[in-house]
Amino acid sequence: MEPLVGSLRERATSSCSCRTLQSWFPVLSWLPHYNLRWLQMDLVAGLTVGLTTVPQALAYAEVAGLPVQYGLYSAFMGCFIYCVFGTSKDVTLGPTAIMSLLCASYMGSDPVYAVLLSFLCGSIQAAMAILRLGFLLDFISYPVIKGFTCAAAITIGFGQVKNIFGLKNIPQQFVLQVYYTFHRIPEARLGDVVLGLSCLALLVSLTWMKTDLVSPSPEHPTYVKVAHGLVWGCATIRNVLVVIMASCVAFSFEISNHHYFTLTGQTAKGLPPFKPPAFSETKANGTIIYFKEIVLVSTQVFTLLTKWSQNGYRIDTNQELFAIGLTNIMGSFVSAYPVTGSFGRTAVNSQTGVCTPAGGVVTGVIVLLSLAFLMPVFYYIPKASLAAVIICAVAPMADWRAPLQLWRVRKLDLLPFMVTFLVSFWEVQYGIVGGVLVSGAMLLYHMARPHIEVHDHGVLVMDLDSGLNFPATEHLNQVIYSQALHVSPPRCVVLNCHHISSVDCTVVHELKDLLKQFRLRNVSLVFSGLKNSVLEVLLAGDLPGLKYTDSIETALQILSGNTHFD
């Protein structure tokens with residue numbers, strides 16, 4: 001018998017160890033089953049996402065106020081790390097518009113701040129994951145997320161209008177940005193305007209084309225299917241096509257000595273050096289800024305990770321936090337600024353049929369090849385074309401249907417949405433904080449003021465529509481005193497506890513005082529439908545004259561004198 005028990009124990013231990021290992025290294029759950037078909041699909045998806053990532057990374061570096069090469073520095077580390085530690089086959093990590101906007105507020109166009117910011121954000125995220133604090137993200141409600149993303153989309157999109165018009169020295173603050181952009185429109189460069197609007201029109205046309213493209217049926221000829229695939233592919237990699245065409249136009253004018261466009265300009269060549277982030281910085285005037293001063297700035301950035309489902313499965317929030325945190329930590333060693341999951345590139349990854357996170361490896365290789373060989377070419381990329389890429393990337397985030405949906409479902413949810421939306425135009429990170437605070441206040445108010453339905457059956461029956469926590473005890477007392485104890489004659493009460501799943505010391509203390517008041521007035525307070533866990537706590541609280549029944553009907557029979565308590 002002992003050998004059998006020992007064998008079962010070893011198997012259980014082995015199984016637990018295997019599951020634990022797979023939870024920390026999800027790559028072990030799919031790599032043993034990897035096959036040739038998956039490889040083919042991952043190559044196609046990785047290539048497609050890579051061709052989307054390169055122009056977007058260059059553009060998002062502009063949003064962050066950094067040289068464009070820092071966008072590529074930030075775009076490859078997550079591809080490799082997420083392949084090992086990520087829980088979703090579709091998610092791609094890299095620079096995003098919103099994260100770039102958040103970082104721009106504090107980096108002051110200083111790469112040293114940007115790199116250290118990545119290290120600090122990654123450390124915080126990894127620590128949260130290890131401590132299993134991913135549940136904190138549950139307190140960011142849907143209205144807050146929608147309000148923030150809508151405001152961020154408008155802020156980011158309008159922030160690129162200056163590049164469409166070729167304007168310089170426009171303030172970062174949104175209100176001032178709007179004022180000075182319109183004030184200085186007469187200074188717009190005609191070449192940038194024409195090229196920027198042309199790129200926007202082409203991107204919008206390709207986007208609509210992809211949306212309205214009807215898949216051919218099996219009966220269609222082969223050439224129709226091939227044409228459909230080519231059109232769909234061009235529409236999918238529209239960003240890189242537009243940037244290439246705009247660069248060719250700019251290059252043709254530059255070599256003929258006509259400087260009609262504002263170009264990206266000189267960029268650093270080659271791969272970034274692998275080194276730890278700097279914990280101090282010496283300014284041009286000789287001033288030294290030390291680690292603690294950079295930390296005070298860096299830790300103000302509020303990073304946002306949302307839980308979402310993709311293709312029928314849920315991602316593990318804590319594991320995602322760990323993957324993103326590790327990416328940011330390691331990214332700081334290759335001069336990256338903070339990154340997170342990209343919704344747009346994740347959608348492209350899913351639509352192209354990626355089978356495993358290995359598709360990200362292909363994307364990472366494409367970014368590395370771009371850094372190694374294409375940096376001199378990026379000199380000729382017009383800023384207007386990158387601005388068009390950014391505007392088209394963030395436009396879908398401005399979901400104008402969200403307020404209407406909130407109005408139809410629950411009008412009160414418009415409050416945190418509007419607070420987040422409006423405050424975000426002042427400072428985007430304050431918008432999130434403001435929305436979370438308003439949502440939290442609404443949640444606490446609902447806890448403190450639960451709806452209590454009162455039915456008169458000769459005896460008052462009170463139904464709580466939610467749980468009973470210590471903020472709600474004062475409200476419950478007021479209702480009971482006003483309708484049962486402060487009337488003449490006093491009335492018995494049956495409290496329906498069906499929705500109460502837990503109580504705390506404050507609730508027990510208040511109920512004890514309440515029961516004493518009922519005894520002084522020679523009437524009864526009966527608890528109906530108590531769960532065993534709640535009953536145990538009440539019995540441990542030594543409540544005087546505690547009376548409870550399984551159902552309201554039994555309580556009414558007892559109080560009417562037809563039966564008695566056990």
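In this predicted model, Val365, Leu369, Phe373, Leu374 and Val377 together make a nonpolar surface patch of about 460 Å². One of these residues, Phe373, belongs to helix H17, which spans residues 359–373. Phe373 has a relative accessible area of 62% and is therefore classed as exposed, the threshold for that class being over 50%.

A separate topic is the open sheet of five strands, whose order is E7-E8-E9-E10-E11 and whose pairing is mixed. Strand E7 (452–456) and strand E11 (547–549) form the edges, each of them pairing on one side only. Averaged over the sheet and with direction ignored, neighbouring strands are turned by 25 degrees against each other.

Within this sheet, strand E9 (residues 493–496) and strand E10 (residues 525–528) run in the parallel sense and pair over four bridges. In this pairing, Asn496 stands opposite Ser528 in E10.

Which strands do the helices H22 and H23 meet? Helix H22 lies across E7, strand E8 (460–464) and E9, whereas helix H23 packs on the sheet and touches E9 and E10. The table sets out the two helices with their residue ranges and with the angle that each makes to a strand of the sheet.

| Helix | Residues | Strands | Angle |
|---|---|---|---|
| H22 | 473–485 | E7, E8, E9 | about 165 degrees to E8 |
| H23 | 505–520 | E9, E10 | about 135 degrees with E10 |

Strand E9 thus appears in several of these descriptions: E9 pairs with E10, H22 lies across E9, and H23 touches E9.

Methods. Residues numbered from 1 in each chain as written. Predicted model: local features only at pLDDT ≥ 70, side-chain atom pairs only at ≥ 80, totals over all residues. Heavy atoms only, no water. Pairing = 2+ DSSP bridges. Axes fitted to C-alpha atoms, helices over the stretch in contact; angles between N-to-C directions. Contact = heavy atoms within 4.5 Å. Patch = residues over 30% accessible without salt bridge, like charges linked within 9 Å, V, L, I, M, F, W, Y side chains within 5 Å. Areas by Shrake-Rupley, 256 points an atom, 1.4 Å probe, with all protein chains shown as cover. Salt bridge = Lys/Arg side-chain N within 4 Å of Asp/Glu carboxyl O. Buried < 20%, exposed > 50% of the residue type's maximum accessible area, 1.4 Å probe, protein only.
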